[in-house]
Amino acid sequence: MIKIIFYAVSCHLWDAHLEIALYHYLKLTIMKTEVHNNQYFFKLKNLIFIIVFLAANSIFIRSFAQQRTPWVTPKVNQDIKNPIPADKTALADGKAMYTANCAPCHGDKGRGDGPAAAALNPKPADHSSATVQSETDGSLFWKLSEGRNPMPSYKKILTDKQRWELINYIRTLSKSTNKGALAK
Ligand code: HEC
C-alpha cells in the first residue's frame, strides 16, 4: 500500500496519469487474489483500498495545485525587446494565429475562458488582465516559447516572428484602454 502511495505521488510529480498507478495497483491485487483462497475477503479489501486510494489522490492533486510555484521568467529573457512592430499586418497575423492556436484555452478575447479551460488545472492565464499586461514583451515571449504544463511549448511550432506577432496581438486584448499605462 505504501509503495502504491509513493507511486501515485511520483506519478503526479512527473505529471503522469493516475490511471497508470491505479492499473499497477489493480494488477498487483489481482495477482494476490489468485494466490489466496479467500477471494471475497480480498475483493472487499481491494474495494476499500481503491476508495481510500482515490480519496488520497484527489487530496494530492489539490495540494499540488496549490503548491504550484509562480511562473517567473529569467531576467535576461524579460529584458528582450520585441523586434516586430505592431503594425496592421503583424496584428492581423497575430489575431489569426491566436484564434487558431490559443483561443481553445485562452478564449477568443483572451480572458482564459476557452472551451478547453474548464478541464485544465491550472486555468489558462487571462491575457486581458493587469497581471499579464504588466509583464514585459520579453517575459510573455519566453513563456509562450517554453510553455508549462498544460500550456504547450511553442518554440518549435511557431517561428520567432510569429511568436512576437502573437505578443503584439495579446497587447490589444488589454482590459484597460489606457495604453500609456502599459507602455512601461
Ligand atoms: C492547452 C491549453 C493552452 C493553449 C492551447 C495555450 N495556452 Fe497559454 N496558458 C495555458 C495555461 C494553463 C497557462 C497558465 C500556466 C501556468 O500558470 O503555469 C498559460 C499561460 C500562458 C502565458 C503566460 C501568462 C503569464 O503572464 O503568466 C502566455 C503568454 C500564454 N499562455 C500565451 C499563449 C499563446 C500566445 C497561445 C497560443 C499560441 C497559448 N498560450 C496557447 C494554456 C494554454
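Start with the whole chain: of its 184 residues, 17% count as buried. This is a predicted model. Color by secondary structure, and eight helices and zero strands appear. Read along the sequence, the pattern is α-α-α-α-α-α-α-α. Now turn on contacts. Among those with a sequence separation of 6 or more, 54% join residues 24 or more positions apart.

**Stop 1: the ligand**

Select the ligand and show what surrounds it. The shell has 22 residues. Label N101, C102, C105, A125 and M151, which are the closest. Next, color the shell by residue class. You should see 17 nonpolar, two polar and three charged residues.

Which helix gives the most to this shell? It is helix 5, with five residues. Select residues 88–106 to see helix 5, then 137–146 to see helix 7; each supplies at least two residues of the shell.

**Stop 2: where helix 5 meets helix 8**

Keep helix 5 on screen and add helix 8, residues 160–171. Their axes lie 8 Å apart and the packing angle is about 95°. Angles of 65 to 115 degrees count as roughly perpendicular, so helix 5 is roughly perpendicular to helix 8.

Show the side chains of the contact. From helix 5, pick A90, L91, D93, G94, K95, M97 and Y98. From helix 8, pick Q162, E165, L166, N168 and Y169. By class, the residues of this contact divide into six nonpolar, three polar and three charged.

**Stop 3: the nonpolar core**

Hold on to L166 from that contact; L166 also belongs to the largest nonpolar core, a set of 14 residues. Select L140, F141, L144, L166, I167 and I170, the members with the most contacts inside this core. Helix 5, helix 7 and helix 8 are the elements that give two or more residues to the core. Helix 8 gives the most, with five.

Now center on L144. What does L144 touch, leaving aside residues up to four places away in sequence? The partners are Y154, R163 and L166.

**Stop 4: helix 7**

Widen the selection from L144 to all of helix 7. Is this helix mostly covered or mostly open? Helix 7 is mostly covered, with seven of its 10 residues buried. Select D137, S139, L140, F141, W142, K143 and L144 to see the buried ones. Add helix 4, residues 75–78, and bring helix 8 back. The buried residues of helix 7 pack against these two helices.

Step off the end of helix 7. Just after the helix, stop at G147, which takes a positive phi of about 70°.

**Stop 5: two cis peptide bonds**

Continue along the backbone to N149 and P150. The peptide bond from N149 to P150 is cis, with omega near 5°. P150 sits in the loop between helix 7 and helix 8.

Then go back to N121 and P122. Here too the peptide bond is cis, with omega near 0°. Where is P122 placed? P122 is in the loop between helix 5 and helix 6, the latter spanning 130–133.

**Last view**

Show the ligand, helix 5, helix 7 and helix 8 together. Helix 5 and helix 7 both supply residues to the ligand shell. Helix 5, helix 7 and helix 8 each give residues to the largest nonpolar core.

Technical notes
Residues are numbered from 1 along each chain as its sequence is written. This is a predicted model: local features need pLDDT of at least 70, side-chain atom pairs count only at pLDDT 80 or more; totals for chains, interfaces and linings use all residues. A residue is near a molecule or strand if its C-beta atom, placed from the backbone, lies within 6 Å of it. Helices (H or I, at least four residues) and strands (E, at least two) are DSSP runs, numbered from the N terminus. Ala, Val, Leu, Ile, Met, Phe, Trp, Tyr, Cys and Pro count as nonpolar, Asp, Glu, Lys and Arg as charged, and the others, Gly among them, as polar. Axes are lines fitted to C-alpha atoms, for helices over the stretch in contact, and angles run from 0 to 180 degrees between N-to-C directions. Angles under 35 degrees count as roughly parallel, over 145 as roughly antiparallel, 65 to 115 as roughly perpendicular and the rest as oblique. Two residues are in contact if their C-beta atoms, placed from the backbone, lie within 7 Å. A nonpolar core is a set of buried Ala, Val, Leu, Ile, Met, Phe, Trp, Tyr and Cys residues joined through C-beta atoms within 7 Å. A residue is buried if 20 or more other C-beta atoms lie within 10 Å of its own, exposed if 12 or fewer, and partly exposed in between; C-beta atoms are placed from the backbone.
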